[in-house]
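Please open the structure in your viewer and keep the selection panel at hand. The stops below proceed from one selection to the next.

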Amino acid sequence: MEGAHPEILKRLAETNFIKSAGYGMDEYSEAAGSKIRKACNAPDADVFFLVGGTQTNATVIDALLRSYQGVISAETGHVNVHEAGAIEFGGHKVMALSHTDGKLSAEVIAKCLKDYQDDANHDHMVMPGMVYISQPTEYGTLYTLKELEAISKVCREHKIPLYLDGARLAYALACPVNDVELEDIARLCDVFYIGGTKCGALFGEAVVIPKQGYIPHFFTMIKQHGALLAKGRLLGIQFDTLFTDGLYKLIGENAMQAADRIRAKMRECGLELCFNSPTNQIFCIAENALAEKLMQEAEFSFWEKPDDTHTIVRCVTDWATAEEDVDALCELLESLTRK
């Protein structure tokens, strides 16, 4: 909802009149790529900067799959629910599987792959060709290192790519219960992206391909999908700033502190939290009347209705959430739930 971190705006202003090459061939993008490789402990990785999350998912998935293949996702996965059919528009089926708190398990993925192979008619079916997960998930939950290792093992045994959507990755990295670091993701995933749009940048995402040349001609595919920014320096400068002095991880700490305060107040007010989200997305179940009153004085996302009389609402904090706004929300919750 806010613009960008002040350090990014400052750097953009400082470099505004410096001439540089386009399409990510500038010195800022090169510097950002080097810093990202170091942070991921992936010295040979290919790093590309794209304009947004949906474009990134559509481009990467299309690049990894053959025409007859689909992508495995949780039923709640962003590519399945919140991208307006962008993956199907590109010619690939999203193969939605059951989940636990928004997370796929290695067992569910393995069963899907086995069921396909065991089906005598599989040549007439869409072949599962890759796995899509996100960290955090759409429910704000986190994959543990053990869970990620198990999923990676299944994918490598079946020789299919594992792709991680990191649109909100800064908040995962800053979460106190997280045990998955950037270098773990680079070691266990074939492709992933580091989110900028939701994590302090004006816009943009950084795709990391740990094995150099893993996707041939990926730059051309980015262009083909309309995800290449001509003034690529704008992305390079932003990610160069985010990966200077550990800012990318630090940027999520404010969101964690704000979210924890809101969760504590919701519990104090007798509201039931759901999905076990430890990150910057807070989900609670409210009676419809309470949700309607809350809507009149605060902005939140409608998520779903567990039954006719209740609504699940989502509040989200970020790198710029102000303490006074958290205070105001906590006071509002207390006043609306006071008996």
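Which residue of β7 does Tyr193 stand opposite? The model under examination is predicted. Select Tyr193 together with Val207: these two residues stand opposite each other, with Val207 in β7.

**Stop 1: strand β6 and its partners**

Extend the selection to the whole of strand β6, residues 191-195. Five of its five residues are buried, so the strand is largely enclosed by the rest of the structure. Display the side chains: Val191, Tyr193 and Gly195 point one way, whereas Phe192 and Ile194 point the other way. Both groups are buried.

Next, add strand β7, residues 205-209, which runs antiparallel to β6 and is joined to it by four bridges. Then add β5, which runs parallel to β6 and is joined to it by two bridges. A useful marker for this pairing is Tyr163, which stands opposite Val191 in β6.

**Stop 2: strand β4**

From β5, residues 162-165, move to β4, which runs parallel to β5 and is joined to it by four bridges. Select Ser134 and Asp165 to see one such position, where Ser134 stands opposite Asp165 in β5. Strand β2, residues 69-74, also pairs with β4, in the parallel sense and over four bridges. Here the pair to select is Gly70 and its bridge partner in β4, Pro128.

Now colour β4 itself, residues 127-134. Seven of its eight residues are buried, so the strand is largely enclosed by the rest of the structure.

**Stop 3: the loops on either side of β4**

Select Val126, which is placed in the loop between α6 (106-118) and β4. Is Val126 buried, partly exposed or exposed? Its relative accessibility is 31%, so Val126 counts as partly exposed, since that class lies between the 20% and 50% limits. Beyond its neighbours within four places in sequence, Val126 is in contact with Tyr68, Gln69, Gly70, Lys93, Met95 and Tyr116. For a sense of scale, draw a distance from the C-alpha atom of Val126 to that of Leu234: the two are separated by 39 Å and lie 108 residues apart along the chain.

Then select Gln135 and Pro136, whose connecting peptide bond is cis, with omega near 0 degrees. Pro136 lies in the loop between β4 and α7 (145-157).

**Stop 4: the largest cavity**

Select Ala74, Thr76, Gly77, Gly102, Leu104, Tyr132, Ile133, Ser134, Thr137, Glu138 and Tyr143, which line the largest cavity. The volume of this cavity is about 60 Å³, and the structure holds one cavity of 30 Å³ or more. Strand β4 gives the most to the lining, with three residues. By class, the lining divides into five nonpolar residues, five polar and one charged.

**Stop 5: the nonpolar cores**

Return to Ile194 in β6. In the largest nonpolar core, which has 61 residues, Ile36 and Ile194 touch the most other members. Helix α8, residues 169-174, provides the largest share of this core, with six residues. Residues up to four places away in sequence set aside, Ile194 touches Ile36, Cys40, Gly166, Leu169, Leu182, Glu205, Ala206, Val208, Phe239, Phe243 and Tyr248. A second, separate core has 26 residues, including Phe48, Ala58, Val60 and Leu65. In soluble globular proteins, nonpolar side chains tend to be buried together.

**Stop 6: the largest pocket**

Select Met1, Val316, Thr317, Asp318 and Thr321, which lie nearest the centre of the largest pocket among its 30 lining residues. About 890 Å³ of space lies in this pocket. Add α14 (288-297), β11 (310-316) and α15 (323-337), each of which supplies at least two lining residues. Of the elements, α15 gives the most, with five residues. The lining comprises 15 nonpolar, seven polar and eight charged residues.

**Stop 7: two residues with positive phi**

Finish with two loop positions. Lys159, in the loop between α7 and β5, has phi near 55 degrees, a positive value in a residue other than glycine. Lys159 is exposed, with a relative accessible area of 75%. His217, in the loop between β7 and α10 (218-224), has phi near 60 degrees, again positive in a residue other than glycine. His217 is exposed, with a relative accessible area of 64%.

Technical notes:
Residues numbered from 1 in each chain as written. Predicted model: local features only at pLDDT ≥ 70, side-chain atom pairs only at ≥ 80, totals over all residues. Heavy atoms only, no water. Core = buried A, V, L, I, M, F, W, Y, C linked by side-chain atoms within 4.5 Å. Buried < 20%, exposed > 50% of the residue type's maximum accessible area, 1.4 Å probe, protein only. Contact = heavy atoms within 4.5 Å. 1 Å grid on protein atoms, 1.4 Å probe; cavity = no way out; pocket = protein on both sides within 12 Å on 5 of 7 lines; lining within 4 Å. Points joined across faces, edges and corners; volume = space filled by probe spheres on them. Nonpolar A, V, L, I, M, F, W, Y, C, P; charged D, E, K, R; others polar. Pairing = 2+ DSSP bridges.
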